[in-house]
Amino acid sequence: MMQRHNPVDGQFDGISPVLPVTVLAAAESAATHAAVADHTRRLGDETVALLTHAGFARHFVPRAWGGTEGTFGSLVTAATAVGEGCASAAWCAVLWAAHSRFAAYLPHEGRRDIWSDGPDARICAAVRPSGEARRLPSGRLLSGEWECVSGVDFADWLLVCAPEPGAEGAAGLRMFAVPKGDFLVRDSWNSSGMRGTGSHTAVLETVFVPDHRSFLMEDLLAGTPGAGRSRCHTVPAHLAGGLLFCAPALGAARGALAEWSLWAARAQARGLPQHDGSRLHHALARSADDIEAAELLLAEAARCADTGTRAEADVLRNRRRSAAAVDLLVNSVERLFRTAGVSACGGPGLIERSWRDIHTVAAHQILRRETAAMVYAASVFSTLTDDASPAAAGPTALREVSAS
């Protein structure tokens, strides 16, 4: 069993850092099969079953349907543990949880369709608008293709975003729930990192979606309260989105640091020139600093999300924290990778895979630090002086946030 490490014990919403046995079993399976998942571009069936059994899919499912209505802090803690051995498994797990939160925006009949057989339905999603939705009296005919749908091979349900005919902007976008069997999967995922997520393309060939299986994207982005939605459901999408995306990267950085430390300790034991020994000491300390700083940023972001806030200032602050955290994680693993060189990273392995995975996570649009900085700074400046012009910079950047 891999050792679980948490330098910020107690920071995540006051819960115990001791993880459930089911999460540890899922993490062990993910680590054992990580290399195969990376090679085949898909998680193993055993890992998927254990992640489901560990409660990731039901984490945000409403209690009325047998779910947990859990916290963001506990989800980040569990996903980070899985990510220590396999960032791809952690990514799919955290998205299954996040997408059950999305599905809580469906009308009652839609929620019943998804969870009447139990709360462990795995839901994948594509939030970037695509396809076409043609209006009918009782629903819509949906067709098109949606790229980068993580874990789609194992999905019981698919959520996709499509524009309403003639509508403009976020107000004209809707999310649609489509059951397994009504969509096809086209093999298209060939990324250098996060390969095990199997983020292929979902294809719909003119599928009828009744009205009760759709909701406004605008409500999800804003965290609009409504019947059947608890506090965890009414958090604005972008207040928590970056936080959850960072959890697999945090786990991967921890795993890389542990693996690198073993290599460095053995290298030291064999005897090294003083200069090389000093270089290893500095790399270890600085990368540990970066990882622990990222943990603290994410712990605060999780605490903020779990308060149930819907304030724009908190959304922008959490976006900044998440982008800063992933930057720190990139720096930490880059330093480890370069310091070890071909001695530890000459071929496929945990350090090399973590290096690829963390860089891939950091490339996600929602974690771009320049955009996060711009919208955050525009908000701060607008509260400090009447001379600031948030209209010039803010709305454009915020539209970018909504499209990510």
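This is a short tour of the structure, stop by stop, with something to select at each one.

**Getting your bearings**

Keep in mind as you go that you are looking at a predicted model. Start with the whole protein in cartoon view, where you can pick out 14 helices and eight strands. Of the 404 residues in the protein, 55% are buried. Switch on a surface and you have about 16,700 Å² exposed, with carbon and sulfur atoms supplying 54% of it. As for how the chain folds back on itself, take the contacts with a separation of 6 or more: 75% of them are between residues 24 or more positions apart.

**Stop 1: the largest nonpolar core**

Now hide the surface and select Leu 51, Phe 56 and Trp 260. In the largest nonpolar core, which has 78 residues, these three touch the most other members. Then colour helix H8, residues 237–270: the largest share of this core, 16 residues, comes from there.

Zoom in on Phe 56. Which residues does Phe 56 touch, leaving aside those up to four places away in sequence? Show Leu 51, Leu 75, Ala 78, Ala 79, Val 82, Ala 93, Trp 96 and Ala 97, and you have the set.

There is another core to visit as well. Select Ile 123, Ala 125, Leu 173 and Leu 221, which are among the members of a second, separate core of 22 residues. As background, nonpolar side chains in soluble globular proteins tend to be buried together.

**Stop 2: rings on rings**

The structure holds five aromatic pairs, and we'll drop in on two of them. First, show Trp 91 and Phe 245 as sticks. Their ring centres are 4.8 Å apart and their planes sit at 25 degrees, under the 30 degrees cut-off, so this pair counts as stacked. Trp 91 belongs to helix H5 (residues 87–103) while Phe 245 belongs to helix H8, so the pair ties together parts of the chain that are 154 residues apart in sequence. Both Trp 91 and Phe 245 are buried.

Next, select Phe 337 and Trp 355. Here the ring centres are 4.2 Å apart and the planes are at 5 degrees, so this pair is stacked too. Look for Phe 337 in helix H10 (residues 312–340) and Trp 355 in helix H12 (residues 350–362); the two residues are 18 apart in sequence. Are these two buried or partly exposed? Phe 337 is buried, with a relative accessible area of 18%, whereas Trp 355 has 25% and counts as partly exposed.

**Stop 3: charges over rings**

Go back to Trp 96, one of the residues that Phe 56 touches, and add Arg 122. The charged end of Arg 122 sits over the Trp 96 ring, 5.8 Å from its centre. For another example, select Arg 320 and Tyr 376: the charged end of Arg 320 sits over the ring of Tyr 376, 4.4 Å from its centre.

**Stop 4: strand E5 and its neighbours**

Select residues 173–179, which make up strand E5. Seven of its seven residues are buried, so E5 is largely enclosed by the rest of the structure. Turn the strand around to see both faces covered: Leu 173, Met 175, Ala 177 and Pro 179 lie on one side, with Arg 174, Phe 176 and Val 178 on the other. Leu 173 is one you have met already, in the second core.

Add strand E4 (residues 157–163), which runs antiparallel to E5 and is joined to it by seven bridges. One place to look is Val 160, whose bridge partner in E5 is Phe 176. Then add strand E8 (residues 214–216), also antiparallel to E5, with three bridges between them. There, Arg 174 has Leu 216 as its bridge partner.

**Stop 5: a hairpin**

Select residues 132–136 for strand E2 and residues 139–149 for strand E3. The two run antiparallel and are joined by five bridges, and the hairpin between them passes through two residues. Find Glu 132 and you'll see Ser 143 of E3 standing opposite.

**Last stop: two backbone oddities**

Select Glu 69, in the loop between helix H3 (45–53) and helix H4 (72–83). Glu 69 is not a glycine, yet it has a positive phi of about 50 degrees. At 16% relative accessibility, Glu 69 counts as buried.

Finish at Thr 206 in strand E7 (residues 200–210). Thr 206 is not a glycine either, and its phi is positive, at about 55 degrees. Its relative accessibility is 45%, which counts as partly exposed.

How values were computed: Residues are numbered from 1 along each chain as its sequence is written. This is a predicted model: local features need pLDDT of at least 70, side-chain atom pairs count only at pLDDT 80 or more; totals for chains, interfaces and linings use all residues. Side-chain values use heavy atoms; hydrogens and water are left out. A nonpolar core is a set of buried Ala, Val, Leu, Ile, Met, Phe, Trp, Tyr and Cys residues joined through side-chain atoms within 4.5 Å. Buried means under 20% relative accessible area, exposed over 50%, partly exposed in between (1.4 Å probe, protein chains only). Helices (H or I, at least four residues) and strands (E, at least two) are DSSP runs, numbered from the N terminus. Contact means heavy atoms within 4.5 Å. Rings of Phe, Tyr and Trp (its six-membered ring) pair if their centres lie within 6.5 Å; planes under 30 degrees apart count as stacked, over 60 as edge-to-face and the rest as tilted. A charge sits over a ring if NZ of Lys or CZ of Arg is within 6 Å of the ring centre and within 35 degrees of the ring normal. Accessible areas come from the Shrake-Rupley method with a 1.4 Å probe; for residues, only the protein chains shown count as cover. Two strands pair if DSSP finds at least two bridges between them.
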